[in-house]
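This report describes the architecture of one protein chain, from its overall dimensions to individual residue environments. The structure under discussion is shown below.

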Amino acid sequence: MISWNDFENAVVSHLDRDIRRGRDPDQHDCISAQLDQSLFIAAGPGSGKSTVIALRILKLIFVDNIDPLNILVTTFTRKAAAELRSRILGWGDQLRQVFMAQPTYSHLVSRLERLNLNNITSGTLDSITEEILGEYRQPGTPPPVVIESFVSNALMTRVGLFIHGRHNDQDLKDYVADLRGSRWGLGLSEISATLLEIKDRFYHDQIDRTRFVNASSHQAIPTVCDAIHDYEQELQDRLFFDFARLEQEFLNQLMSGGLARFLEGIKFVLVDEYQDTNLLQEQIYFFMARAALGNRGSITIVGDDDQSLYRFRGATVDLFQAFQRRINSQSNINPRPAYLSRNYRSTPLIVGFCNGFITLDTQYQTARVQNKPPITPMRNQPYTDYPILGMFRNDVSTLAADLTQFIHRVIQGGGYQFRDNNRDQYVIRIDPQGGSPADVALLFSSPREFDTSGDPRLPRLLRDGLDQLSPSIRVFNPRGQNLEAIPEVQELCGLILECTDPGNGVQDNTNLPQVVADVFDSWRRRAISLIPNNPRPTNPTSLRRFVDSWQRRAPLGGRTWQKREVPLIDLVYKLITWIPAMQDDIEGLVYLEAITRTINQASLFGNFAGQIIVDPRNQRLEDASIREALWNIFAPLATGVIEIDEDLLETLPSDRVNIMSIHQSKGLEFPLVIVDVGSEFRTKHWKQAFKRFPRLNPSGSVDTLKSINLEDVLRQFSQMGAPTRPPLDRAFDDLTRLYFEAYSRAKDVLLLVGLNSVRDEIPNVATGWDRDGNWHWARGLRNLVHI
């Protein structure tokens, strides 16, 4: 339709994206590839991957004349999918206007006007499968109803553990402890999460369950399988799907011919973040690729094995590394390899630091895509090429205090001044013409604010220190504590319990696990202490009067309740009137959203749809509705199985410093990145080894690395076979990838922080140790400029 030259010129002139071969031949070749040319793209950090994906799709539409209906694009997160779709639509409309204004294409004006870029199928694989299964379902078949991950956790706890008392099964606890390599921190939420991880791997790795059960000698295996069976049966009885079961159903429909009409329209398949794909997803992609090939189309996959972080979610990086061989042998497709290695994000010193880090461990090189070039700096001036910095102190309190002052100077104090090892002077400060606290990100292996003993960790000390400044600097870290331990959540849940079940009448006559009852009681105590304080005195109704009216089932205003179904959601939104943080604070709003989503989704599994039945003539019915809420909503919250979902964190507030896990930072970039490489490593304690320098325990498994141990247990019953790389090497590989990801988020300034024990002695992959015990950065980390 449009010539390549005109398309390229329009992109350069109107989108300000220089895709000419002379600027970046790799980007140019990926975007300009023919429709029938499949591609295997290894894209390093900051290499313009999103630009290449969007422009490759637009090239297919404008140059190769492909109907947007024939294009399917998947990526790993909803946020990434939304951003990619927005870019395709925005750029696509700009290009359309350019071509419509050119006399050469006057005969195509009406056609270009009718072009509907919204017809591209894009999203996460889960959202796409849900949409397609709904659209192409058999007559009389309901569309799939998909439950969120946090509801899966709650359902496994209730159906898989509580109902049959499996939460007290000692063999099950022993088995989970064996998989984890430790009993440290083993609780109910961890047992539930492990059962779900096993269940998911049954699907993701396409495990032969019969072989697994017959070959397993551990006496807990029947209990594990029974719990998973009960969970799956509950889904099946209600015609619900979790994400793993949804993808399996999609593959089944592809293989049975049930989606033949859908496949007829597929000409181009693009998969982003392919390094985090599992075997089930690979089979889906290969099936669609064969359909595209039959329609004279192709498949393009994009990813980077050095940024594969999701083994704990079933990702198998081997599938990315072996993609060319596997798709050729299974689908007779020969993808052309391409490498995006020019980094447009970071300064030359940061790029060089990342290159040095990813290559210092010689044994890791055999776990990488072969022949992948190093990343090279291509960032446009102006910028200051700051040296890589280090801040290490004797104890975490001193580290927190000094780091607080550093952040204060960068954001509010006119800048932080220092000299490098050559005595050259630098100043670090946020951009006065549009910078904000959100330009600063602190990355941790875990953003938890308290350790298992209740002592504050560095994230909490920083929160407190920054809050005490004048003016204060706020942080954004909604994952800093378990949901059930957050004061505002305790107050809200306690008030709901006091309103709906005064005097613990239903609670005390429900066979709840003691750990749940104890949490409920603590919530109630917190609510009772809040009631007389009436936190919002401007409200014409006092909190005490409101709670009393509910407890007496006598609504305010002199009205009377006959039989009435009261949605718990309505009660929640009335109660938060007296919990200011859940109205005014961004973290409080995240917590509120987590609770309301829990109520809404849990209502799918009950008989009362998340409602309390108020019926003075039928107390048994009212009690049953309360009991269902205790089990389906509040018990999962109390046991820690409801977590802050990533979808609730899609937008970062512009007025706060970000504290997050390295996993959360994936796909993001910040002008100033502070990476914690050892604020909790005072000694060489074995319990922390998995976070810094993994080791094998006497049984041959990796201490406290459940996902790797599960691979060894389960993959021998998959067509992939047992992993060929030893478990300890995989553990070191994953730590290398984790910190490569962290370091490559920085645009301008990269600061490593920790204790002097890490700087001077304790082995740590993040500080330049390889798995053979060689310390490449040497004692004192002399490659850093210490501040």
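Helices, of at least four residues, and strands, of at least two, are DSSP runs numbered from the N terminus. The model is predicted.

## Exposed position in helix α10

Under that numbering, Thr-210 belongs to helix α10, which covers residues 209-215. Thr-210 has a relative accessible area of 54%, and therefore ranks as exposed, the threshold for that class being over 50%. Although Thr-210 and Phe-717 are 507 residues apart along the chain, their C-alpha atoms are separated by 9.1 Å.

Arg-209 is positioned over the face of Tyr-203, at 5.3 Å from the ring centre. A second arrangement of this kind involves Arg-245, which lies over the face of Phe-241 at 4.6 Å from the ring centre.

## Overall dimensions

The chain contains 31 helices and 21 strands. Its radius of gyration is 28 Å, in agreement with the value near 28 Å for a compact globule of 787 residues. Along the principal axes, the C-alpha atoms fill a box of roughly 80 × 70 × 60 Å.

Of the 787 residues, 59% count as buried. The accessible surface of the chain comes to about 31,400 Å², and carbon and sulfur atoms contribute 45% of this area. Among contacts with a separation of 6 or more, 78% are between residues 24 or more positions apart.

## Aromatic pairs

The structure holds 30 aromatic pairs. In one of them, the ring centres of Tyr-274 and Phe-323 are 5.2 Å apart and the planes stand at 70°, so the pair is edge-to-face. Tyr-274 is located in the loop between β6 (268-271) and α14 (279-294), whereas Phe-323 is in helix α16 (residues 323-331); the pair therefore ties together parts that are 49 residues apart in sequence.

Both Tyr-274 and Phe-323 are buried. These two residues also belong to one aromatic cluster, together with Phe-40, Tyr-285, Phe-286 and Phe-320.

## Helices α26 and α27

Thr-598 is part of helix α26, residues 586-602. With a relative accessibility of 3%, Thr-598 is classed as buried, because the class requires a value under 20%. When neighbours within four places in sequence are left aside, Thr-598 is in contact with Phe-150, Ile-633 and Ile-642.

Helix α27 (residues 619-638) has a kink of about 35° centred on Leu-630. Since 14 of the 20 residues of α27 are buried, this helix is largely enclosed by the rest of the structure. Gly-640 follows α27 and has a positive phi, near 85°.

## Buried position in strand β14

Where does Val-440 lie, and is this residue buried or exposed? Val-440 is found in strand β14, residues 440-444. Its relative accessibility is 1%, so Val-440 counts as buried.

Apart from neighbours within four places in sequence, Val-440 is in contact with Ile-411, Val-657, Asn-658, Leu-672 and Ile-674. From Ser-127, by contrast, Val-440 is 32 Å away in space, C-alpha to C-alpha, with the two positions 313 residues apart in sequence numbering.

Notes
Residues are numbered from 1 along each chain as its sequence is written. This is a predicted model: local features need pLDDT of at least 70, side-chain atom pairs count only at pLDDT 80 or more; totals for chains, interfaces and linings use all residues. Side-chain values use heavy atoms; hydrogens and water are left out. Rings of Phe, Tyr and Trp (its six-membered ring) pair if their centres lie within 6.5 Å; planes under 30 degrees apart count as stacked, over 60 as edge-to-face and the rest as tilted. Buried means under 20% relative accessible area, exposed over 50%, partly exposed in between (1.4 Å probe, protein chains only). A charge sits over a ring if NZ of Lys or CZ of Arg is within 6 Å of the ring centre and within 35 degrees of the ring normal. Contact means heavy atoms within 4.5 Å. The radius of gyration is taken over C-alpha atoms; the globule rule is 2.2 Å times the number of residues to the power 0.38. Accessible areas come from the Shrake-Rupley method with a 1.4 Å probe; for residues, only the protein chains shown count as cover. The bend at a residue is the angle between axes fitted to the seven residues ending there and the seven starting there.
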